[in-house]
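Student: I'd like to go through this model with you, starting with how exposure is judged and then turning to the helices. Could you show it first?

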Amino acid sequence: MHGDTLSLAEGVAVDVRQLAGWARRVRDPESDLDELSTTDLRLGGELLPGWFDEWVLLERERLRQLRMHALEALADRLAVVGRYGEALQAAYAAVRVEPLRESAHRTLIRVHLAEGNTLEAMSAYEACRTLLAPMSWVSSRAGS
């Protein structure tokens, strides 16, 4: 600490930086998929749990969105090259983190279809439809 400034020592790992770097590599079509293993899915802790300052809430949401978009993109990239098992891991991670996120469910269904598992895709669709059915009632009532 120098005066009013607090800083981390060189070499200290910061999970927010790791998540941002991982997400950037996932979205880069030139990045090597072998370096984007699904073990990186552990980069999902909440930013400053228990803090409710407005800036924390906004940053927490930004990081959640970043992670979700990266998981969906990773699943799609892996499916395109035929790495379906890993693609499913990323898609299921997205659904697990945000069960009400429709794009995560669509990603999961796309991976099943890419793998040729139509029955699994239909099952995933039905599970999503059942889960979101109460939400469609709420949204239709809001439009009245």
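Tutor: A residue counts as exposed when its relative accessible area is over 50%, as buried when that value is under 20%, and as partly exposed in between. Please keep in mind that this is a predicted model.

Student: OK, so is Val-80 buried or exposed?

Tutor: Val-80, which has its place in helix α2, has a relative accessible area of 72%, and because exposed means over 50%, Val-80 counts as exposed.

Student: And how far is Val-80 from Val-111 in space?

Tutor: Their C-alpha atoms are 8.8 Å apart, although 31 residues separate Val-80 and Val-111 in sequence.

Student: Val-111 is in α4, right where the contact with α2 is made. At what angle do α2 and α4 pack?

Tutor: Helix α2, residues 54-80, and helix α4, residues 102-115, pack at about 10°, and their axes are 10 Å apart. Angles under 35 degrees count as roughly parallel, and α2 and α4 are therefore roughly parallel to each other.

Student: Which residues meet there?

Tutor: From α2 there are Met-68, Glu-72, Ala-75, Asp-76 and Ala-79, and these meet Ser-103, Ala-104, Thr-107, Arg-110, Val-111 and Ala-114 of α4. Sorted by class, this contact of α2 with α4 has 6 nonpolar, 2 polar and 3 charged residues.

Student: What about Ser-103, buried or exposed?

Tutor: Ser-103, in helix α4, has a relative accessible area of 19% and is therefore buried, since the cut-off is under 20%. Its side chain is also joined to the side chain of Arg-101 by a polar contact of 3.1 Å.

Student: Staying in α4, what does His-105 touch?

Tutor: His-105 lies in helix α4 and counts as buried, with 7% relative accessibility. Not counting residues up to four places away in sequence, His-105 touches Val-95, Pro-99, Cys-128 and Leu-131. With Pro-99, a polar atom of the His-105 side chain lies 2.7 Å from the backbone oxygen of Pro-99.

Student: Back to α2, then. How does α2 run against α3, parallel or antiparallel?

Tutor: The axes of α2 and helix α3, residues 84-97, come within 8 Å and cross at roughly 160°. Angles over 145 degrees count as roughly antiparallel, so α2 and α3 are roughly antiparallel to each other. The crossing of α2 past α3 is left-handed.

Student: And which residues make that contact?

Tutor: On the α2 side the contact is made by Arg-67, Met-68, Leu-71, Glu-72, Leu-74, Ala-75, Leu-78 and Ala-79, and on the α3 side by Tyr-84, Glu-86, Ala-87, Ala-90, Ala-91, Ala-93, Ala-94 and Val-97. By class, the contact of α2 with α3 has 13 nonpolar residues, no polar ones and 3 charged ones.

Student: Now α1: at what angle does α1 cross α2?

Tutor: The axes of α1 and α2 cross at roughly 35° and come within 9 Å, and the crossing is left-handed. Among the residues that meet are Val-16, Leu-19 and Trp-22 in α1 and Leu-63, Leu-66 and Arg-77 in α2. That contact of α1 with α2 has 12 nonpolar, no polar and 4 charged residues.

Student: Last one: where is Leu-48 found, and what is Leu-48 in contact with?

Tutor: Leu-48 is found in the loop between α1 and α2 and, at 29% relative accessibility, counts as partly exposed. Leaving aside neighbours within four places in sequence, Leu-48 is in contact with Trp-55, Val-56 and Arg-60. The C-alpha atoms of Leu-48 and Arg-60 are separated by 8.1 Å, with the two residues 12 apart along the chain.

Terms used:
Residues numbered from 1 in each chain as written. Predicted model: local features only at pLDDT ≥ 70, side-chain atom pairs only at ≥ 80, totals over all residues. Heavy atoms only, no water. Axes fitted to C-alpha atoms, helices over the stretch in contact; angles between N-to-C directions. Helix = DSSP H or I, 4+ residues; strand = E, 2+ residues; numbered from the N terminus. Parallel < 35°, antiparallel > 145°, perpendicular 65-115°, else oblique. Contact = heavy atoms within 4.5 Å. Nonpolar A, V, L, I, M, F, W, Y, C, P; charged D, E, K, R; others polar. Buried < 20%, exposed > 50% of the residue type's maximum accessible area, 1.4 Å probe, protein only. Polar contact = N/O pair within 3.5 Å; in protein donor to acceptor, adjacent residues only side chain to side chain. Left-handed = near helix turned anticlockwise from the far one by under 90°.
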